[in-house]
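Biologist: Let's go through this model together. I will ask how each label is earned.

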Amino acid sequence: MSLSLEGFITIMNGWPPEAVWAIMALICFSTILIMLRFFGAAGIYVYMAVAIVIANIQVTKAVQFNVYPNPVALGTVVFASTYLCTDILTEYYGRAFARRGLWIGFAALSLSTVLMTLTLGFAPMTAEQAGQDMAWALPNHDAMMALFKPAPALLVAGMTSYIISQYNDIWVYLLVRRLTGVRFLWLRNNASTMVSAFIDNTIFSILAWVVFAPEPIGLKPLFFTFILGTYFERVFLAILDTPFMYLARWCLPASDSVPYEAEWAEARVAERRFVRL
């Protein structure tokens with residue numbers, strides 16, 4: 001199995017990186033709908049928890065895409081898919097569910113960081129201690145150090161930008177829904193994600209590369225390289241996930257249709273009050 005998987009990875013290494021990117025995006029968005037269909041809001045929570053952890057591992061690998069002049073750190077696709085999760089929860093379950101998903105993702109990242117830090121706290125074995133039976137484990141400590149060694153500045157910057165941008169995503173989504181009513185699902189989905197993605201990139205870049213950086217970068221590279229560097233990719237992902245936002249309505253478990261209808265009834269009342277004001 002391992003040889004077969006290694007062979008498949010070798011084959012993918014020969015593909016254009018954009019093709020692997022597209023497959024990853026399709027798998028992420030499709031998995032969200034599958035988890036929604038079988039597990040409802042709980043399935044979305046599980047996906048968000050896994051996605052946040054995976055995105056923070058992926059960011060340690062950089063890839064040279066054909067459409068970018070400079071290498072780009074991975075993690076954008078998986079992390080951006082969490083905005084689709086937040087929008088689905090806000091649309092079909094309500095603000096309280098969306099906020100709960102946000103904090104579950106935060107808790108998953110925090111717990112994984114603590115547990116992996118403790119794992120790294122075990123001193124690596126020597127070749128003599130490992131012997132022949134456990135020799136396979138000798139390189140794994142350094143591999144784990146490369147993937148899971150927490151960089152405090154990046155961790156704080158990432159968690160801060162994640163919480164603020166996700167709260168903003170929920171707020172903007174509900175604002176657009178209040179202004180437009182039950183129409184224009186595509187508008188509230190895209191507007192909330194695009195605004196929140198820009199906020200996320202801005203807060204993370206300022207904290208990581210200016211506030212906490214030993215040698216702060218200049219304003220020009222901060223804005224054009226780090227803030228805008230992956231923003232247009234996230235805008236494209238927001239547009240790409242729009243059909244999945246519409247399909248989510250048909251993937252709701254039958255038992256979850258009642259809270260969905262109740263939420264929309266409440267939204268219509270709020271809309272009428274807003275119009276009177």
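Modeller: Start with helix H11, residues 231–240. This is a predicted model. The buried residues of H11 are Tyr 231, Glu 233, Arg 234, Val 235, Leu 237 and Ala 238.

Biologist: What makes these residues of H11 count as buried?

Modeller: The cut-off is under 20% relative accessible area. The six names I listed from H11, Tyr 231 and Ala 238 among them, are buried by that rule.

Biologist: What covers the buried residues of H11?

Modeller: The cover includes H2, H4, helix H9 (185–211), helix H10 (219–227) and H12.

Biologist: Why are H5 and H7 called roughly antiparallel?

Modeller: Their axes cross at roughly 150°. Angles over 145 degrees count as roughly antiparallel, so H5 and H7 earn the label. The axes also come within 10 Å. The crossing of H5 past H7 is left-handed.

Biologist: Which residues meet there?

Modeller: H5 brings Met 116, Thr 119 and Leu 120. H7 brings His 141, Met 144, Met 145 and Phe 148. By class, the contact has 5 nonpolar residues, 2 polar and no charged.

Biologist: What makes the largest nonpolar core a core, and how many residues has it?

Modeller: Its members are buried residues of nonpolar types, joined through side-chain atoms within 4.5 Å. The largest such set has 45 residues. Leu 36, Ile 88, Leu 89 and Tyr 92 have the most contacts inside it.

Biologist: Which helices supply at least two residues of this core each?

Modeller: H2 (17–39), H3 (41–58), H4 (76–92), H5 (95–120), H8 (152–180) and H12 (242–251). H4 gives the largest share, 10 residues.

Terms used: Residues numbered from 1 in each chain as written. Predicted model: local features only at pLDDT ≥ 70, side-chain atom pairs only at ≥ 80, totals over all residues. Heavy atoms only, no water. Buried < 20%, exposed > 50% of the residue type's maximum accessible area, 1.4 Å probe, protein only. Helix = DSSP H or I, 4+ residues; strand = E, 2+ residues; numbered from the N terminus. Axes fitted to C-alpha atoms, helices over the stretch in contact; angles between N-to-C directions. Parallel < 35°, antiparallel > 145°, perpendicular 65-115°, else oblique. Left-handed = near helix turned anticlockwise from the far one by under 90°. Contact = heavy atoms within 4.5 Å. Nonpolar A, V, L, I, M, F, W, Y, C, P; charged D, E, K, R; others polar.
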